[in-house]
Each structure stands twice: as structure tokens, then as C-alpha cells.
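Colleague: Could you take me closely through one part of this model, beginning with a single loop residue and working outwards into the strands and helices around it? I would like one connected account rather than a list.

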Amino acid sequence: MPITRLNHAVLYVRDARRSAAFYTEVLGFVVRHDVGDGKAIFLRSAESDNDHDLGLFSVGDQVGGSQAGSGTVGLYHLAWQVDTLDELDRLRGVLAERGALVGASDHGATKSLYARDPDGLEFEVMWAVPPDLLDESAESVQIAPLDLDREKRRYGATTVSTG
């Protein structure tokens, strides 16, 4: 049988409690389980029916930062999807306020923000253009600057992504 979807991701972080606070405060995850007095914390998106969507394992402050992509192979980022461009815009403000926002790109079929968590691990927050609204320009693979105001005018600020 083929894979049907990604069920959850697990990250090694310096302090699972600090990272859990970031992901709950910024992205709205909720804590499902705290195992071993903060050694491992499992979070779930408020809209998810998974047991957990993100696991965080504490490895301590003595470890170095990830060298993935610059000194080692490894995971580049995880992408969390939001339902509307209004929500993506709201999160842009939250991420910027926290000093976590590092970029924003228009990929045609997706509109994406890039940010870093307290350990510098990069993640993406994205909105996917609904399939019935895709046209040639949205289906082309691209990396262009994201103009959220223009995209809200084009697709509607509250249009729900089904992708």
C-alpha cells in the first residue's frame, strides 16, 4: 500500500519545554503529552485528529546547532499548512514580532513563510492554492517574492485551501 500522508514529525531540541512554548504560542499547537518531566513533549495541531503532529525531544544546551545543508545532510524544514491567506498574514505578524520570520516566497501553487524556532530549526507555514483556482501561472514552479496583499486580492483572504 502506498503512503497516504505524513502523520507526525519528531525534532531533537535543546529544551523541549522552551520549544513547546514556542510552537503553542506561535502556531497554536496544544500539548498532548509531557513525558519524563519535559524530556519529550508531544504536540498536536488544534484541527488535527492525530495523537500528535510534532514530538520534541530534549537533548540539552551543550549540543551544537544543526549543520544540515551547510555541513551535513539532514532535513531542511517541515511545512505547516494554514486554511486561509488571512491566517498566513496573521502568522506573518506573529513570527515577525517574535523575531522568527526569515523569509516569504511565492511558489505559484503555494504561498509560504519561512521561520526559525528557538533552536534555529527552520520551518515553513504555507497556504496552498485550491485546485479549482490553479492556472498556468500558479502551476509553474517558482521562487518569487511573496506579496500577500496581492494574493489576497487574487484568491480572496478567506478562501479555504483544500490542498
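Modeller: Aspartate 119 is buried, because its relative accessible area is 12%, which falls under the 20% limit for that term. The model is a predicted one, and in it aspartate 119 lies in the loop between strand 7 and strand 8. Leaving aside residues up to four places away in sequence, aspartate 119 touches Val13, Arg14, Asp15, Arg18 and Ser19. With one of these, arginine 14, there is also a polar contact from side chain to side chain, at 3.0 Å. Threonine 24, by comparison, is 95 residues from aspartate 119 along the chain, and the C-alpha atoms of the two are separated by 15 Å.

The loop that holds aspartate 119 belongs to a hairpin. Between strand 7 and strand 8 there are 5 residues, and in this hairpin glycine 120 takes a positive phi near 85 degrees. The two strands run antiparallel, and 7 bridges join strand 7 to strand 8, the latter made of residues 122–128. Within this pairing, tyrosine 114 stands opposite glutamate 124 of strand 8.

Strand 7 itself covers residues 110–116, and 6 of its 7 residues are buried, so this strand is largely enclosed by the rest of the structure. Strand 7 also pairs with strand 6 (residues 101–106), again in the antiparallel sense, over 5 bridges. Two positions illustrate the register: alanine 104 has leucine 113 in strand 7 as its bridge partner, while aspartate 106 is partnered in strand 7 by lysine 111. The hairpin of strand 6 and strand 7 has 3 residues between the strands, and there glycine 108 takes a positive phi near 85 degrees.

Aspartate 106 also leads on to a further strand, since it stands opposite alanine 144 in strand 9. Strand 9 consists of residues 144–145 and pairs with strand 6 in the antiparallel sense over 2 bridges. Taken together, these strands belong to an open sheet of 5 strands in the order 5-8-7-6-9, with mixed pairing. Strand 5 and strand 9 stand at its edges, and each has a single partner strand, so one side of each is left without a neighbour in the sheet.

From strand 5 (78–81) the account can be carried on to the loop that runs between this strand and helix 2, where threonine 84 has its place. Threonine 84 is buried, with a relative accessible area of 15%. Its side chain reaches the backbone nitrogen of glutamate 87 at 3.1 Å. Not counting residues up to four places away in sequence, threonine 84 touches Trp127, Ala157, Thr158, Thr159 and Val160.

Helix 2, which spans residues 85–97, packs with helix 4 (residues 148–155) at an angle of about 165 degrees, and the axes of the two helices are 10 Å apart. Helix 2 and helix 4 are therefore roughly antiparallel to each other, since angles over 145 degrees count as such. Their crossing is left-handed. On the side of helix 2, the residues that meet the partner are Leu85, Asp86, Leu88, Asp89 and Arg92, and on the side of helix 4 they are Leu148, Glu151, Lys152 and Tyr155.

There is also an open sheet of 4 strands, in the order 1-4-3-2 and with mixed pairing. The edge strands here are strand 1 (9–13) and strand 2 (30–35), each of which pairs on one side only, and the twist averages 20 degrees from one strand to the next. Val13, which is among the residues touched by aspartate 119, falls within the stretch given for strand 1. Strand 2 runs antiparallel to strand 3 (residues 40–44), and 5 bridges join them. In that pairing, valine 35 stands opposite alanine 40 in strand 3.

How values were computed:
Residues numbered from 1 in each chain as written. Predicted model: local features only at pLDDT ≥ 70, side-chain atom pairs only at ≥ 80, totals over all residues. Heavy atoms only, no water. Pairing = 2+ DSSP bridges. Axes fitted to C-alpha atoms, helices over the stretch in contact; angles between N-to-C directions. Buried < 20%, exposed > 50% of the residue type's maximum accessible area, 1.4 Å probe, protein only. Contact = heavy atoms within 4.5 Å. Polar contact = N/O pair within 3.5 Å; in protein donor to acceptor, adjacent residues only side chain to side chain. Parallel < 35°, antiparallel > 145°, perpendicular 65-115°, else oblique. Left-handed = near helix turned anticlockwise from the far one by under 90°.
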